[in-house]
Amino acid sequence: MELSQGEIEAIQHEMSLYEDSGAATIEALKVVQEHRGWVSDEAMAAAAKVVGVTPTQMEAVATFYNLIFRQPVGRHVIMLCDSISCYLTGYEEARDHLKSSLGIDFGGTTEDGRFTLLPICCLGNCDRGPAMRVGEDYHGDLTPERIDAILTEYK
Amino acid sequence: MATITIDGQKFDVDDTENLLAVALSKGFDLPYFCWHPELHSVGACRQCAVKSYRNDEDEQGMIVMACMTPCSDGGRFEIDDEQAAEMRAQVIEWLMTNHPHDCPVCEEGGECHLQDMTLMTGHTQRRYRGAKRTHTNQDLGPFINHEMNRCIACYRCVRYYRDYADGDDLRALGSHNNVYFGRESDGAFDNEFSGNLVEVCPTGVFTDKTLGAHYNRKWDMQNAPGICGHCSLGCNTSPGSRQGILKRIQNRYHGEINHYFLCDRGRFGAGFVNREDRPRQPLVRNADGVLEPREMDVMHDVMTDVFANAQGVVGIGSPRASLEDNFALRHLVGAEHFATGMAGHNQRASQAGLAALQSHADRLATLREIESCDAVLILGEDLTQTAARVALSLRQARRNKHLEYAAANKIPKWHARAVRDIGQYNNSPIFSATTQATRLDDIVMSPQRLRPDAIAELGFAVAHALDNTAPAVKQLDKDTQALVDAIATTLKSAKKPLIIAGTSLGDPAIINAANNAMQALSAINEAARLFVTFAEANSLGLAMLGGNDVETAFESIESGAADTLVVMQNCLYERAPKSRVDAVIKQAKNVVVLDHSFTRTVGEATHVLPAGSFAEADGTLVNNEGRAQRFFQVFIPDAPMQEGWRWAADLAEVAGHKPEWQGMDDLIAKIVADCPQLAGIEEAAPSQSFRKFGMRFPRSPHRFSGRTAMYANVDVRERRPTVDADSPLSYSMEGYYGESQPPSTLAYAWSPGWDSNQAAITRFQDEVGGPLKGGDPGVHLVRKNGDSTPDFIAAEVHAVDGWQVVPAYHIFGSESQSARAPAIAERMPAAEFRVNADGAKTLGVTPGETLELRIDGETHRFPLAVDPSLPKQTISVPVGMHGVCGLRLPVGVKPE
Amino acid sequence: MEETKVLTQRIRPDRSPVFIDDYMAEGGYEALKTALSDFGPTEVGPLIKEAGLRGRGGAGFPTGVKWSFMPRFEERPDERPAHVYLVVNADEMEPGTFKDRMIMEGDPHQLIEGMIIAAYAIGADIAYVFIRGEYVECQRRLQRAIDEAHEKGFLGKDILGSGFNLQLYLHMSAGRYICGEESALLSALEGRRAVPRHKPPFPAASGLFGQPTTVNNVETICNVPHIVKNGAEWYKGLGLNKDGGTKLFGASGHVAKPGLAEFPLGVKLGDVLEHFGGIRHGRQLKGLLPGGGSTPFLTPEHLDTPMDYDGVGAAGSRLGTATMIVFDDQTPIVGVLKNLEHFYAQESCGWCTPCRDGLPWVEKMLIGLEEGRGQPGDIELLDLHVKLLGPGKTFCAHAPGAMGPLEAGLKYYREELAALIPDDAKTLSLTESANANPL
Ligand SMILES: Cc1cc2nc3c(=O)[nH]c(=O)nc-3n(C[C@H](O)[C@H](O)[C@H](O)COP(=O)(O)O)c2cc1C
Ligand code: SF4
Ligand code: FES
């Protein structure tokens with residue numbers, strides 16, 4: 001498998017920002033993920049070739065970090081903060097509501113491929129807890145009603 | 001130097017060391033996991049906790065990790081401290097929370113560092129009540145088994161595989177308490193030194209699959225001090241056997257050679273010993289052309305007949321057999337009729353190698369020493385394939401740059417991670433000129449790919465650049481001259497430069513060039529070192545013993561001067577083109593072969609005598625640095641199999657010149673008397689009569705439990721251990737075992753509380769990672785030729801016009817004995833011809849298509865592949881069991 | 001209580017970003033000009049040291065002192081390594097911490113100006129902002145600000161004709177709390193797994209790619225232009241006690257008006273709480289983590305504590321990031337601890353045994369307690385973990401950080417925790433516990 005020209009150029013740009021181009025290993029994964037939503041084995045191998053590292057080395061990095069998806073995800077990834085401030089302000093209720101209204105557990109993807117639900121540690125939105133991220137958008141002060149309203153915004 | 005106190009005892013210690021290494025050297029039992037004498041400290045496992053006190057007044061002290069603590073002067077430490085002991089016990093308890101406790105079915109059981117450390121810390125009560133996490137395992141190929149659930153995440157495997165061996169397909173994956181050590185998917189490890197993981201892993205995650213296939217408990221094996229027979233380096237091994245089956249090869253520590261690590265060919269290449277198709281009876285070819293077994297007394301008469309009627313006998317020895325076997329054959333046929341078993345080109349290159357060693361006998365690097373060299377020039381050798389263990393040493397040599405940066409920043413040398421972090425991708429310079437891309441290219445500065453004559457020229461030019469009285473070669477092009485100058489400047493300014501050459505291209509000029517370069521360099525730098533590699537385990541021994549080459553032996557048959565060939569552990573098809581060997585065998589009246597494997601020569605022989613392999617014989621080998629080393633019989637084979645030299649003696653007797661020697665001691669004495677150049681081999685190991693406190697040295701560990709049960713299916717009565725007539729070792733667990741045993745007789749490593757090979761050996765070393773107590777085994781045979789500086793050798797090279805064959809060696813396949821081991825056979829690459837892209841165009845063959853090529857009178861057909869590294873008009877030909885056997889070098893070809 | 005706005009002086013109420021024109025209109029990049037024209041490269045560090053600026057990333061190490069560890073090559077230019085690095089730690093993954101995000105989003109040039117001066121002061125030629133992956137908006141604004149600064153000649157070659165060169169890049173993390181630990185951060189920047197490094201050697205000796213490196217927190221660096229502009233004395237004068245300057249304070253959890261505010265160091269804890277509206281729903285304070293998830297609890301008895309490094313230290317905790325997490329009297333402590341320890345267990349890098357295998361055990365014990373499956377001995381086993389996951393016993397400060405709240409929890413709320421063990425619970429033998437519902 002080959003990466004797209006856009007991906008290759010983006011990775012090469014990242015490689016140029018470091019003394020050692022291997023440092024772009026993480027960025028390469030992120031570039032691929034940005035273009036494809038997740039990082040398949042084949043895409044990882046192709047990215048490894050661009051960076052000049054082995055697929056095993058890429059995998060070592062990919063499996064270390066939280067934000068690299070090595071499995072397909074839905075169109076919108078919901079990351080619900082499970083850290084302390086949100087926990088104190090209603091995380092459990094938000095979690096239960098998300099799980100039951102989406103019909104999935106953490107790590108799951110809805111059947112229509114719309115949402116993937118993941119827990120995430122502190123989002124830095126602590127003053128608006130409970131908080132979550134849908135795609136790149138932050139949402140705070142979650143209540144079951146607000147969650148329902150927010151979810152309808154994502155098709 | 002520093003004075004430190006450990007548990008109230010004062011010690012003068014090396015202040016550049018860490019406390020754990022020192023404590024272990026001083027005999028303390030301090031548990032550890034992530035530290036390893038070669039991998040040094042990273043402080044990950046937190047097992048080696050001790051109490052450290054700031055000064056004499058400090059009563060509180062604090063817990064530190066011994067492996068991360070420098071031995072600074074005045075340091076005061078307590079191992080025997082309640083809090084430190086509590087920490088150590090707790091670390092084990094944490095490590096064991098997820099461990100499956102499957103010791104009864106674990107291949108590591110009995111030599112498991114985790115078992116030892118658990119016992120040592122006193123963790124016996126399990127308090128963790130949670131479920132254990134589990135992993136799926138990977139298929140890692142024929143060598144290594146994977147059982148990740150046993151993992152305690154000490155990170156040693158990746159630190160060895162990646163940081164030490166530069167392998168890239170084993171990594172720590174995942175994170176928190178879900179770290180996983182594996183590849184990105186199933187598959188055999190890519191690195192040629194993967195087998196060491198078996199010993200590096202402190203528990204049963206990576207275990208020896210070849211042992212697992214016919215598993216028995218580690219303590220129920222009979223071992224012997226072994227010498228690896230699969231290349232010229234002479235790594236020390238500890239082969240283990242049970243009931244006449246060779247079970248495994250383990251590393252045997254030798255401070256100056258292999259120390260803790262072997263290559264995969266050495267570790268997994270011994271399977272040929274257990275092959276079903278080995279000749280186990282005397283065989284005679286009957287009238288129908290079929291080999292038939294014969295009883296011994298019948299065979300005696302047959303052989304008497306053969307020698308009585310022979311019209312001239314020539315003996316062909318073998319550079320893979322011991323000096324004893326070869327000498328006994330020489331005795332049988334007479335020195336003038338004895339051939340070394342080497343092809344002409346190999347013999348000439350080996351002689352050039354011997355001459356180089358003799359010129360620089362005081363400046364020969366050991367494998368261990370290579371690690372401390374800070375600039376290297378390699379001429380011609382694809383070391384990873386021809387003398388693999390050197391490649392691993394060179395990978396350490398390149399890190400001297402890291403150590404240099406570390407020293408400049410006051411980072412101690414044992415601080416492994418910090419040394420690596422500061423060193424990054426800066427390497428000590430390694431230059432290499434080979435005929436094609438090699439597996440070392442990743443650490444080589446601008447690797448050169450040249451035809452053999454150009455490699456020699458480059459070497460001569462470097463010599464000339466170092467010393468302009470050294471003979472020059474013809475005008476070089478500008479780039480090459482610039483490179484030559486750069487190499488010369490680098491070697492000159494290095495603290496300890498090293499030159500490596502070898503015989504694999506069959507070109508004496510390359511070795512002569514290395515010899516000259518060394519000559520020039522040694523005048524500049526006392527510390528300069530030379531390292532020459534040879535083709536086989538005893539190539540140098542045979543070069544020293546002397547004899548004709550194989551072609552000369554063939555000529556005796558072809559000319560009718562002789563009609564009987566006696567071949568000792570050699571396959572003629574590996575030494576000369578097939579048509580010629582066929583013709584010689586056809587012409588000879590008798591072809592008597594003494595061998596342990598069913599070689600092609602055995603397949604064509606008239607008479608076959610089943611010789612013992614290395615596992616079934618004692619013998620002396622001379623490694624590439626001229627070190628004579630003794631290997632010992634691991635087990636006694638079923639009669640009538642016996643040592644090659646015993647067969648040769650028996651034959652000499654029927655031929656009417658019964659030798660005066662009886663056992664090994666006699667034989668060795670006779671060798672020394674007849675061949676003064678080999679004087680010293682008698683010192684390679686103690687004689688048969690040597691005893692310690694009246695005792696022999698055991699082959700089996702004290703814990704050996706199987707003596708009565710071992711043959712219970714045959715007879716429940718206990719057999720008497722056989723008495724070893726040839727060595728001071730015993731075939732049992734009885735005898736003296738301990739630190740003052742001569743190291744050459746140490747069959748296995750064990751010490752109370754320390755059951756794993758790599759940890760137990762500490763008790764037998766002067767200090768961890770240092771020489772063995774009593775000195776590392778072996779005797780240097782090569783002595784300098786007089787005091788005067790030798791003359792430079794003329795810079796003569798032999799060029800081949802037009803297309804030239806360059807041999808492609810492979811660690812798994814080129815060496816014929818290991819290639820017969822099933823595990824190695826599985827890893828043998830498919831044979832292919834390779835040329836560069838232009839070459840493929842010229843030949844008009846598309847890659848993947850079969851190319852038919854006539855080389856030295858033989859036609860070979862292999863698929864063609866493109867290798868951009870190959871020089872113009874060279875064709876890379878796989879040599880050995882996976883390709884072409886009996887290739888004579890140099891050889892030109894005329895592809896149609 | 002009134003805020004003292006230094007770092008937040010340009011932050012707009014709606015948090016819309018201040019870009020270059022507005023920034024310069026409000027005196028932005030004046031400090032940079034001053035630094036480059038009035039100070040030699042080695043003269044900025046002593047000023048910062050004099051001002052008493054301490055690291056805002058959690059550990060509170062004096063910034064000027066840290067800078068002084070950087071090797072100087074003015075006298076021996078040929079020994080200068082390939083690069084010298086400044087890295088700004090914008091990872092901000094400490095639970096309950098959201099201060100750096102606000103100043104990066106609201107006033108990105110303040111950080112960039114601070115970085116240029118800091119790089120000048122330590123002799124760096126490349127600077128990275130290591131920013132957590134979720135902060136996408138931060139990244140966009142910072143990138144725009146960097147481009148603007150480039151255009152104005154504040155970045156790149158020969159900045160403002162001073163001969164000083166600096167490249168500034170953003171690095172988006174792929175997400176791991178341990179990336180915030182400065183040495184792990186360097187591993188992450190090198191494209192490796194973010195496993196911490198042992199110190200010594202410190203980054204100043206062997207940092208990014210083995211070269212001299214300084215790592216500073218976002219907020220720390222944002223102070224720099226103000227000190228250069230107004231002087232050390234002014235800065236020292238801002239603080240109420242020994243520690244100079246202001247600090248961003250935050251509050252989340254059970255406060256009535258969660259958010260951020262800027263106060264002088266030394267402000268009383270009670271006053272800060274009051275600023276954020278006190279405890280919500282009219283309840284009482286049970287406890288708080290004064291500066292992020294790894295700082296030991298303070299309780300109502302500590303409301304008079306002066307919020308500076310020494311003050312909070314004397315109260316048995318740490319100022320940390322000064323973003324406090326507050327919980328009311330109806331909060332079961334076991335849940336708070338379980339949540340925190342879950343985080344730390346999950347975010348352990350997996351390198352050293354105590355943290356990798358000890359924290360999940362701690363978490364499981366707390367879950368067991370919460371679910372009524374505690375056993376006699378559990379509390380003592382938690383004590384043991386506090387002791388053996390302490391500083392020096394693990395490889396980095398992650399696990400000791402995790403033990404901060406647990407230790408305080410076992411101290412202040414011991415009875416509450418012990419009461420969770422059912423009266424009839426007995427220590428199960430291994431076989432019994434295997435059959436019983438495992439933890
Ligand atoms: C586990 C751990 C996580 C950390 N996370 C952060 C962080 O997210 N942001 C930060 O600035 N410092 C963090 N630190 C502190 C840094 O290691 C370092 O001390 C700091 O970046 C130095 O900057 P300063 O001196 O300006 O405070 C963390 C430390 C530890 C041990
Ligand atoms: S304390 Fe935790 S985070 Fe730090 S090195 Fe050890 S395992 Fe990693
Ligand atoms: S051996 Fe010292 S920490 Fe592992």
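**Where domains and chains meet**

A salt bridge joins the side chains of C:Asp310 and C:Arg54, with 3.9 Å from N to O. That is just inside the cut-off, since a nitrogen within 4 Å of a carboxyl oxygen is what counts here. The model is a predicted one, and this pair is a handy way into it.

To place the two residues, it helps to look at how chain C is divided up. The domain assignment splits chain C into domain 1 (20-238), domain 2 (246-328) and domain 3 (333-436). C:Arg54 therefore falls in domain 1 and C:Asp310 in domain 2, going by those assigned bounds. Between domain 1 of chain C and domain 2 of chain C, the tally comes to two salt bridges. Polar contacts add to the picture: 12 residue pairs, both partners at pLDDT 80 or more, link domain 1 of chain C with domain 2 of chain C.

What does domain 1 of chain C bring to this meeting with domain 2 of chain C? Two elements of chain C, α5 (99-106) and α10 (232-238), each give two or more residues to the side of domain 1 that touches domain 2. The biggest giver is α5(C), with three residues. Sorted by kind, the residues on that side of domain 1 of chain C come out as seven nonpolar, six polar and five charged.

Now for the overall extent of this interface. On the domain 1 side of chain C, 18 residues are in contact with 21 residues of domain 2 of chain C. Put together, the two domains of chain C bury about 1,500 Å² between them, and 59% of that lies on carbon and sulfur atoms. Which three residues supply the most of the area that domain 1 of chain C buries against domain 2 of chain C? They are C:Arg56, C:Phe98 and C:Lys99, which together account for 31% of it. As for spacing, the C-alpha centres of domain 1 and domain 2 of chain C sit 27 Å apart.

The model also has a meeting place between separate chains, A and B. Here 10 residues of chain A are in contact with 12 residues of chain B. Chain A and chain B bury about 910 Å² between them, with 57% of it on carbon and sulfur atoms. How many salt bridges are there between chain A and chain B? The count is zero. Polar contacts do turn up, though: chain A and chain B share five such residue pairs, both members at pLDDT 80 or more. On the side of chain A that touches chain B, the residues divide into three nonpolar, four polar and three charged.

Notes
Residues numbered from 1 in each chain as written. Chains lettered and ligands numbered in written order. Predicted model: local features only at pLDDT ≥ 70, side-chain atom pairs only at ≥ 80, totals over all residues. Heavy atoms only, no water. Contact = heavy atoms within 4.5 Å. Buried area = accessible area lost by both parts, 1.4 Å probe. Polar contact = N/O pair within 3.5 Å; in protein donor to acceptor, adjacent residues only side chain to side chain. Helix = DSSP H or I, 4+ residues; strand = E, 2+ residues; numbered from the N terminus. Nonpolar A, V, L, I, M, F, W, Y, C, P; charged D, E, K, R; others polar.
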